[in-house]
Structures are given as C-alpha cells and as structure tokens.
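Biologist: I'd like to take a close look at one part of this protein with you. Could you walk me through it slowly, as I'm new to this?

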Amino acid sequence: MTLPRKVAVLGGGPAGLAAGHELSRGGVHVTVFERAPWVGGLSFTWEHEGFRFDLGGHRWFTKKDWLQNWFLELMEGELVTVDRISRIYFAGRYFDYPVKFGNVLREAGLFTCAWAFFSYVMSAIRKRLRPEAIENIEQAYVDQFGPKLYEMFFRRYTEKVWGRPCTELSADWVAQRTKGMSVVETVRNAISTPKQKVESLVDQFVYPRFGYQRISERMKDVIEGAGGEVHLESTVVGVDAVEDGVIVRTRDREGNVHEGRFDHVISTIPLGRLVQIMSPKAPDCVLAAAKGLEFRSVITANIMLDREQVTPDTWLYVHDEGIGFARIHEPKNWSPDMVPKASQTSLVTEWFCSEGDDVWQLSDEEIVRRTVDHLVDDLGFIDRSEVIDGLVLRARHAYPVYSLDYGDRVGLIKGHLQQHADVLSIAGRGGTFRYNNADHSIETGILVGKNLLGGSYDVDSVNTEQEYHEEKRVER
C-alpha cells in the first residue's frame, strides 16, 4: 500500500483520534470530522458549576504493555491512581463484581450459595445429557454460572441495559464481557492455590484527573500540532469512492455542505450509517443489513450533592427492576478534581433506552425528578435536602445491540466494504459494531494508523482474548 498523504477521519471519538494521532506522528496530514461540538464521543466530560461528569464512567485498563506505555506517555502529568470498587446493589445488599464466592456466601447465606451451586451442577448435567448450541445471552450465562446466579446477578441488569429479554440477544456479548469466568473458576480460586496466579488489572487503575475526555483532547492537540485539522459540528453526509481516492462531503452547523478529496478514509461513525451514505450505492441486501443494525442509547442524570460521599464505589450496578437507572458512578471517587469542593460530591446515573422510546421522550426535568426520587425514596442513598442541582446528558448510538442475527448483518456489510479496502478502513465501537472498551477502541485506531504507515496488523483480533478482560494469568 502506498503511503497516503491526506487522510480523513470520520468521528472524533477515541478510536478516530487515536488513528489520527498515529498518522500525524508518521507525517501524514489528517483531517478529522466530528458531528458534536466537542471531541471524545462517548468519552465526553461535561463541566457545570465546577462539577465534572463523564458520560458514564470510563476506566483505562489494558493487558498490553505497549499500549499502556503509549497511554502513560500521552497522559503524562495528568493521571491519578484510583482504588477500584465495583459492586452490585440488589434487594438492599451489596455484592462484589466480578462475583466472588466468599462475598456471596457472606451476603446471601449458605443456603443460597448451596442452591446456586446445586443449580449449576444440575444445569451442567442436563447439558451433558442433552447438548445444545449456545446462541443467546441466557444460555451463555446459565452455562457459566447456573440458573440461580444468572437470575440473581445477570438477568435483571442485562435486560435493563438492552430493553429486551436475554433470549433475544446473542451470546457473543457474554463471550466478550465475561470470558473465562464461571462458577467452577470462582470456587476453585476461593479454595485452592492454582498453578497460575490471577492478577486483577483494576484493583487500582489510573484516570485523567479532570475527566476522561482529556485523553481525546491530548490526541487532538498532537494532530493539530502536526498541522492536521479537527472540524467540530461537522456532520458527514457522503463518502464517495473514486479512482485513487475518496471524496468526503460534510455539513456544518449552518447547513453548508463542504467537499474534500483524500487518499484514504478511516471511519468510526456507526457502521450501518457509513454504508447508507456511501457511493457507489451498496446492493439492496447490504443496505437492508445496515438498516437492521441497532444501537442502544443512554441518558445520564447527573445529580450534584452537598455531602462528602454517597458510596465508596467506582461503579455500582443497580439490579432492582423498579429503579429506572441501571448503573451509578460517583466522579469524586475517581478524582477529587471532579467536584468544586471537598465537602461536595455528585452521582451519575445511567438510564439505558432506545431513541424515541418512552424513556427517551421524558423531559430532562422529569428524568432528574425520577432519579432523585429513586435515590431518596427507593434506595435511601441521599436526603432530598442535599440535592444542589441536576442536569441530563443524552447519547445516541452508545451501545451496539447484539441481536441474534447481528453477526450475519455485520459480516455481509464488512464483506461489501472489503472492495474499498485500499481507500477505506473502519475502527472503534460504532465503526466496527463491536462492544469495545475504550482501550480496545483506541487500540483499533492505532493499528489502523500503523497499517496505513506500512504495518500489517490484524485489527479484527482486538478484544478476542479468551479470558476475562479485567484479569490476566501469570505463572507462579
């Protein structure tokens, strides 16, 4: 492949900026187009009256030394170390997450633990006698944890997040998020000394002291420092593959359409949307597949409080079905600079929804009111008198939905795009329609950049390791 001189990056989130960052350091002129008035995509940090809120909590962690070193160099001087505590809150009790045998025994009691283990054994026996392919999330979780723990710790939260029964969602999501976790492994690690030591990568983690968006802002600085351009409020409306290049059309906030020619395009915008705005037009079957890809949206209600702390958690998963939000994080627990005063704190609650549904159509004021009611009346976490203010942020295309047929749709689309591989690459969560963490998305962007500079890296291999993504095993 000939080294490109001019590359367009569609989307100013972590993946797109990572690709632009790599190419800029390699001497390529990069132009980034971002629809929002800011960079960072879902890794956005909002500031209000001295309070800072990430659009949902984002931790940085990676098993790869080269990527960790890249990150530490990029963010030098801006990082704080955070003690990680993630728990599940259900029926008035706190359970560690990932699930730990001793914690479940202590909180739920011996009878419940025995019942959970017995249900797992009986499920394993049934599977042995009547093997069946694991196709949906329910089957995958039951296979790993048994019916009882699936019902206690996974079904409610999963259905809150995705808005549909677990039987209607692909098991691929479980394979990505809980690789290597099971009842057998949990019990084995609790009662024996394995040949391999399991090291948690996130008992502690580093975090940008002023919010996760700083990662994207630092990459933007490098791109612009190398002579590149980052255009905000610039919506991509057309991508035309032409001889020896690509023409990209964008619309600015005033509605004016601009056109530019590039040697190569890296797309991180939603995969289905990319196909629908490309020329030459894709076959009808590919367009149908693109239109069938679904994303889940998220609304965060950010509540500012006149108290020092609510919980010690970095994340708290709320499984109770009567509570509208599914996850809470307390920004001050990540960095003291996320609040204006040491005597104050805040909570970010995540309401998962689909664009246009009943939750999405609620007014900001109603979402804040319901959030405060849940925190005060249902959970007893705060007093109403402690509430200083509340604001709402909304994000479309936040989570790719792994419907039962999503793999066929994605495969068909990627097969079609392969004919344009000399001028088009895809990266990131939305761009590849893969549920990546932030480190995975950044890694895909870097590898795409390296490939355009002459490398030969398998971008599709990112986030395919066959063990739990927050742990690694080392020989004792």
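Biologist: What do the side chains of Arg369 and Asp373 meet in?

Modeller: They meet in a salt bridge, with 2.7 Å from N to O. Before we go on, keep in mind that this is a predicted model. Now find helix 12, where both Arg369 and Asp373 lie. They sit 4 residues apart, which is about one turn of the helix. As for the surroundings, Arg369 is partly exposed, because its relative accessible area is 42%, and partly exposed covers what falls between under 20% (buried) and over 50% (exposed).

Let's stay with salt bridges for a moment. The one you asked about belongs to a structure that holds 32 of them. A pair with a much wider gap in sequence is Lys450 and Glu22, whose closest N and O atoms are 3.2 Å apart. Lys450 is in helix 15 (residues 438–452) and Glu22 is in helix 1 (residues 14–25), so this salt bridge ties together parts that are 428 residues apart in sequence. Its two ends look like this: Lys450 is partly exposed at 25% relative accessible area, whereas Glu22 is buried at 8%.

One more pair is worth finding: Asp460 and Lys414, whose side chains form a salt bridge at 3.9 Å, N to O. Asp460 lies in the loop between helix 15 and strand 22 (471–475), while Lys414 lies in helix 13 (residues 406–417), so parts 46 residues apart in sequence are tied together here. Asp460 counts as exposed, with 56% relative accessibility, and Lys414 counts as partly exposed, with 28%.

Back to your pair, then. Arg369 and Asp373 are part of one network, in which salt bridges that share partners also join Glu366, Arg370, Asp377 and Arg384.

Now zoom out to the sheet next to your helix. The sheet is open and has 7 strands in the order 7-6-17-18-19-16-20, with mixed pairing. Its edges are strand 7 (93–96) and strand 20 (387–400), each of which pairs on one side only. Going from one strand to the next, the twist averages 25°. Helix 12 (residues 364–378) packs on this sheet and touches strand 16 (295–305), strand 18 (327–329), strand 19 (345–353) and strand 20. The direction of helix 12 makes about 110° with that of strand 20.

If you want to see a piece of the pairing itself, look at strand 6 (residues 86–90) and strand 7: they run antiparallel and are joined by 4 bridges. Within that pairing, Tyr89 has Tyr94 in strand 7 as its bridge partner.

Notes: Residues numbered from 1 in each chain as written. Predicted model: local features only at pLDDT ≥ 70, side-chain atom pairs only at ≥ 80, totals over all residues. Heavy atoms only, no water. Pairing = 2+ DSSP bridges. Helix = DSSP H or I, 4+ residues; strand = E, 2+ residues; numbered from the N terminus. Axes fitted to C-alpha atoms, helices over the stretch in contact; angles between N-to-C directions. Contact = heavy atoms within 4.5 Å. Salt bridge = Lys/Arg side-chain N within 4 Å of Asp/Glu carboxyl O. Buried < 20%, exposed > 50% of the residue type's maximum accessible area, 1.4 Å probe, protein only.
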